Amino acid sequence: MKKQKHLTLIIALSLPLYLCSCSLENFGYDSESSETERESDTLNYSYDTVDIDDVNEDIRNLLEDIKKTDNEKAVGNDIDILLNYADTASDAMTYKCIESYLDWNNYNLECEYEDLSETFYVVRDAIGYAFAKGSKSQYSELFSELTDEDSIEYYTQKGMNLSRIEGYASVDYNVTDENIDSYFDVAYDDSLSDDEKNIKCAEIYLEILSNIDPENYYENYNRDYTPDDILRLSKKVGEKIKPVVSELYDRFEENKYSDDVFESPVLFDDPLKKLNEYAEKLSADIGKSANRLVNEELYTIASGDNCYTGSFTSDLPTDNTALIYIYTDGSYNDMSAAIHEFGHFHASFSDDTNAYLTETNLDVAEIQSQGMELMFMQFYDEIYGEQSEAMKLIKLCDLADVVVSGFQVGEFEYRALSQAEELTPEEVLKLYKDIMGDDAESYPFYYMSHIFEAPGYYISYGVSALAALDMLDDIRSDPAAALGKYEKIAAVPTNSKKCGFRSSLKECGFRDILTEEYIEELAAELLK
């Protein structure tokens with residue numbers, strides 16, 4: 001039970017801020033330097049923070065109220081107050097995270113962010129304790145949607161109390177945070193060679209895996225498929241989709257504008273404002289989301305060596321909105337990253353799940369972003385001009401490659417986890433190389449930030465790209481049908497524990513994509 005709880009915390013630690021994060025880039029700059037200028041927006045948001053003493057006082061109020069008869073209204077009000085604490089703590093963590101990422105080398109900001117992160121996880125565990133106690137009271141029905149059997153068992157075991165729960169949460173957070181900090185310290189250490197970084201990161205990775213149960217870790221991502229399903233399909237993806245990636249790239253290189261895509265890409269000072277020019281052409285609802293994003297300035301664009309080099313979208317549950325952070329490096333991918341994150345932003349308005357109750361289904365969430373990328377291909381001629389055909393090819397190549405890399409990393413993670421007790425760091429690296437093949441040279445092990453921050457996450461990119469590409473044929477021949485399918489999947493509340501991957505696909509008109517037949521059909525469609 002303790003291991004499973006620790007895994008839940010590891011996943012929770014990463015997901016709110018890395019839900020759609022791109023991989024880190026530009027490894028190797030001097031992380032100790034304070035001389036590098038930051039070229040980015042500044043964060044000008046005000047927000048509330050949470051005092052754990054206030055939370056504890058209101059928990060004690062709830063514990064007293066559940067002892068009284070005919071007190072349903074007061075208990076309901078207590079529940080709402082505690083849920084609001086979780087939302088407020090989550091919002092504060094997001095705002096401070098972005099502030100810290102804009103000044104990546106600022107130790108004080110990093111500490112402030114970690115303090116707010118720890119507060120959020122302590123608050124969430126404290127609320128869990130209160131709700132578990134409530135589920136054992138005369139008002140158990142009020143807590144039925146707020147608890148489950150595992151959490152009730154953990155929080156109400158003999159000798160457990162509020163102080164102990166908060167102490168365990170704090171320790172678990174700091175152990176997890178220490179492993180992630182160790183990873184980043186190694187990954188950004190200029191004094192180490194790639195081989196030295198790889199072996200040190202393999203040691204850290206084994207430490208992380210030692211706290212994870214391979215029998216249950218997919219369940220913590222709210223998945224309705226198994227690791228065995230991924231292992232079964234991984235070979236087919238390698239046989240059918242990997243050659244397609246090569247063929248698409250060959251076609252891209254044959255395009256006379258392919259060099260321009262890399263050497264003089266079409267860029268925009270503010271890619272989200274550019275995106276807003278086209279969003280309403282997809283639908284009124286998508287246009288409304290884009291207008292809100294731009295008009296309320298719910299995004300930050302970062303550039304330069306002193307910023308975090310990924311992109312992500314994080315929910316702000318208090319106001320049922322979200323914030324986007326985009327790192328731009330002057331590459332052809334800047335606009336695509338903006339469109340990808342906008343997909344998450346647009347979908348956030350269909351999901352009002354409280355931060356305490358959030359159990360994100362990443363597989364569906366990534367369809368919402370990758371699907372938006374595909375929908376915008378209709379406007380490439382206007383956005384990219386003479387580079388449009390080359391950009392269409394590189395976009396399909398990139399998405400197909402996401403399928404391949406997603407399944408490769410997914411296979412590696414599960415095989416490593418299954419053998420973690422017997423593996424040495426050297427054997428971890430050998431397993432990585434055996435599964436990744438030539439990709440291990442261009443993308444060394446220490447680049448894989450996701451497997452340290454959120455073990456088991458990466459396969460979501462692969463399965464969601466498979467699903468998003470189910471829209472491709474309609475986008476080419478029947479854009480209205482593609483839009484209908486996209487709007488249905490974008491409306492799925494991915495933070496709800498009731499959200500399933502295969503069930504959501506079926507309800508929204510997608511094919512069953514986790515089959516060998518679908519993979520063969522998709523390989524043919526990609527090359528049309």
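Reader: What percentage of the chain's 528 residues counts as buried?
Author: It's 59% of them. Buried here means under 20% relative accessible area, exposed means over 50%, and partly exposed is in between (1.4 Å probe, protein chains only). This is a predicted model: local features need pLDDT of at least 70 and side-chain atom pairs count only at pLDDT 80 or more, while totals for chains, interfaces and linings use all residues. Residues are numbered from 1 along each chain as its sequence is written, and side-chain values use heavy atoms, with hydrogens and water left out.

Reader: How do you know whether the radius of gyration agrees or disagrees with that of a compact globule?
Author: Set it against the globule rule, 2.2 Å times the number of residues to the power 0.38, with the radius taken over C-alpha atoms. For 528 residues that gives a value near 24 Å, and the chain has 23 Å, so the two agree. Along the principal axes, the C-alpha atoms fill a box of roughly 75 × 55 × 50 Å.

Reader: How many helices and strands are there?
Author: The chain has 23 helices and 4 strands. They're DSSP runs numbered from the N terminus: H or I for at least four residues makes a helix, E for at least two makes a strand.

Reader: Why is Arg415 given the class it has: buried, exposed or partly exposed?
Author: Its relative accessibility is 31%, so Arg415 counts as partly exposed. This arginine is in helix 15 (residues 388–418). Beyond its neighbours within four places in sequence, Arg415 is in contact (heavy atoms within 4.5 Å) with Leu231, Leu431 and Ile435. Ile435 is 20 residues away along the chain, with 9.9 Å between the C-alpha atoms.

Reader: What makes a set of residues a nonpolar core?
Author: The members are buried Ala, Val, Leu, Ile, Met, Phe, Trp, Tyr and Cys residues, joined through side-chain atoms within 4.5 Å. The largest such core has 171 residues, and Phe131, Tyr325, Phe407, Phe412, Phe445 and Phe501 touch the most other members. Helix 15 gives this core its largest share, 16 residues. Take Phe412: not counting residues up to four places away in sequence, its contacts include Leu431, Ile435 and Phe445.

Reader: Is Ser234 buried or exposed, and what makes you say that?
Author: Ser234 has a relative accessible area of 9%, so it is buried. The residue lies in helix 8 (residues 227–254), and apart from neighbours within four places in sequence, Ser234 contacts Phe407 and Glu411.

Reader: What about Asn361: why is it called buried or exposed?
Author: At 0% relative accessibility, Asn361 counts as buried. Its place is in the loop between helix 12 (333–348) and helix 13 (362–375). Leaving out residues up to four places away in sequence, Asn361 touches six partners named here: Tyr221, Asn222, Thr494, Cys499, Gly500 and Phe501.

Reader: What is the phi of Asn222, and why point it out?
Author: Phi of Asn222 is near 60 degrees, a positive value in a residue other than glycine. Most residues other than glycine have a negative phi, so a positive one gets pointed out. Asn222 sits in the loop between helix 7 (194–209) and helix 8, and at 15% relative accessibility it counts as buried.

Reader: And which class does Glu297 fall into, buried or exposed?
Author: Glu297 is at 55% relative accessibility, so it counts as exposed. Phi of Glu297 is positive too, near 50 degrees, and the residue is in the loop between helix 11 (284–295) and strand 2 (299–303).
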